[in-house]
Amino acid sequence: MATDLEFSFQLLTRSAQRHIRVFQVHQFLDRFAMGLTVAVVALALNDRGMDLFQISLLFGVYSLTTIAMELPFGGLADNVGRKPVFLSAVVASLISLALFVSSHDFYVLALSFAFIGFGRALRSGTLDAWFVENFKAMAPNVDVQPALAKAQFANAMGLASGAIFGGLLPDAFGSGAVRLGFSIFDVSYLASFVLMLAVFAYTVFAISEKRRPLNPKALVQGFAGVPHVIKDAGLLALKHPTLSILLVALALFLMATNPVEVIWPTHAKPMLDDGYANSVVGALTATYFFSIAFGASLSSHISRIFRRRHAITLSVIFACLAAVQIALALQENIIGFVAIFILYSVILGASETPASSILHSCVEDRQRSTMLSLRSLVQQLGAAFGLVLVGAVAEAYTTPTAWMVGATFLVIALLLMGVLARRLRAEE
């Protein structure tokens with residue numbers, strides 16, 4: 001059977017077609033609910049009296065919670081079922097949203113961000129695995145990639161659409177929210193809460209999964225296995241210099257770029273007219289997601305330019321990111337900021353594939369999951385540390401100064417990738 005996206009879809013059985021549509025709708029709704037708050041979260045925290053350092057700390061709480069929970073929850077869905085674990089993730093998201101709207105206190109907001117990280121850890125590998133397994137059963141002779149492409153498109157459209165509406169709602173209904181005693185940004189959070197309830201209901205009624213016998217030991221075993229996973233992955237990385245250099249470089253990469261991704265709305269908003277500022281931030285957040293996707297689509301073409309020498313490709317990308325991050329920090333008007341920010345997002349999107357290619361070329365199948373877990377752990381730690389450090393600099397000085405300080409981490413990562421490129425060339 002042909003594997004072309006549209007042609008293969010028409011040849012699928014009705015049950016397989018319905019399976020794809022159900023998952024597309026689910027992914028769109030879930031990401032739409034998330035996107036509603038993504039565009040305004042930094043602005044909402046700023047409106048609640050949080051300074052840049054406190055905002056960075058809150059995102060650090062999210063990162064550290066994800067780190068702590070993602071590894072032990074990795075096998076939970078396999079043991080108790082994908083649907084109940086995903087529903088638990090939705091409940092965690094609802095609790096997070098309720099805590100956020102109900103308080104201006106830093107510690108309550110920190111608890112809210114902890115629940116966001118908890119929900120992300122629970123979501124990881126749940127319904128994606130459900131979708132692939134059931135699709136293979138319904139269409140055993142069909143390549144799953146076109147079906148995944150449809151789901152991923154719905155995912156991206158949900159995030160982008162949610163970001164646009166998340167920015168529009170405060171401008172459109174914020175004055176009414178203020179009269180009721182809420183922040184203007186709470187409109188987006190309340191909308192996300194309502195839509196997350198819809199996601200919960202849709203999951204209950206539309207996602208069908210055979211019940212599995214409950215294994216109370218699964219979670220305990222998951223937590224007990226974390227030190228073993230980290231130890232095995234760490235030993236593997238230490239024994240393989242290429243992996244060690246790559247992981248350190250990726251941690252530095254997140255230390256530099258994550259603070260830009262988190263703080264940029266608070267920097268851009270003063271450049272805009274108050275009447276439409278939140279709407280523009282929402283539209284730019286959506287553009288950010290699309291730009292990353294576009295950059296990812298360019299990555300294979302960029303790799304070909306450098307003859308698939310992925311370390312050299314990554315070195316060039318890091319150099320470009322450092323230069324563009326400094327240029328972004330120097331922008332004082334919104335037109336220049338938007339143009340540079342879009343370019344920055346495209347380059348970010350292009351960085352994923354070369355890094356993954358180096359990592360996968362260094363490990364065997366039996367080690368792959370372990371190394372991916374370690375990569376996630378290292379990157380989250382880098383992101384959390386970078387947020388706290390750069391956030392402190394931004395609060396003490398200015399956001400542009402903090403971003404330029406962050407760019408030095410990219411320069412160090414660039415130097416490490418140069419060392420790695422020479423090492424890989426010597427091994428050829």
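**Confidence, cores and a surface patch**

Q: What pLDDT does the chain average?
A: This is a predicted model. Of its residues, 85% score at least 70. Over the chain, the average pLDDT is 84.

Q: Which element of the chain has the lowest mean pLDDT?
A: At the upper end stands helix α10 (residues 186-206), whose mean pLDDT of 95 is the highest among the elements of the chain. The lowest mean, 54, belongs to helix α1 (residues 5-11). Over residues 1-7 the pLDDT is below 50, and this stretch has 13 contacts in the model beyond near neighbours in sequence. Where pLDDT is low, predicted coordinates should not be read in detail. The element asked for is helix α1.

Q: Which helix gives the most residues to the largest nonpolar core?
A: The largest nonpolar core holds 85 residues, and those with the most contacts inside it are L45, F337 and M417. With 17 residues, the greatest contribution to this core comes from helix α12 (residues 241-268).

Q: How many residues form the other core, which lies apart?
A: Among the members of this other core are F23, V142, V187 and M196. It lies apart from the largest core and has 27 residues.

Q: Is L168 buried, partly exposed or exposed?
A: L168 is found in helix α9 (residues 145-179). Together with I164 and F165, L168 forms a nonpolar surface patch of about 250 Å² of accessible area. Buried means under 20% relative accessible area and exposed means over 50%. Because its relative accessibility is 37%, L168 counts as partly exposed.

Terms used: Residues are numbered from 1 along each chain as its sequence is written. This is a predicted model: local features need pLDDT of at least 70, side-chain atom pairs count only at pLDDT 80 or more; totals for chains, interfaces and linings use all residues. Side-chain values use heavy atoms; hydrogens and water are left out. Patches are made of residues with over 30% relative accessible area and no salt bridge: like charges are joined within 9 Å, nonpolar side chains (Val, Leu, Ile, Met, Phe, Trp, Tyr) within 5 Å. Accessible areas come from the Shrake-Rupley method with a 1.4 Å probe; for residues, only the protein chains shown count as cover. A salt bridge is a side-chain nitrogen of Lys or Arg within 4 Å of a carboxyl oxygen of Asp or Glu. Helices (H or I, at least four residues) and strands (E, at least two) are DSSP runs, numbered from the N terminus. Buried means under 20% relative accessible area, exposed over 50%, partly exposed in between (1.4 Å probe, protein chains only). A nonpolar core is a set of buried Ala, Val, Leu, Ile, Met, Phe, Trp, Tyr and Cys residues joined through side-chain atoms within 4.5 Å. pLDDT is the predictor's confidence in each residue, from 0 to 100. Contact means heavy atoms within 4.5 Å.
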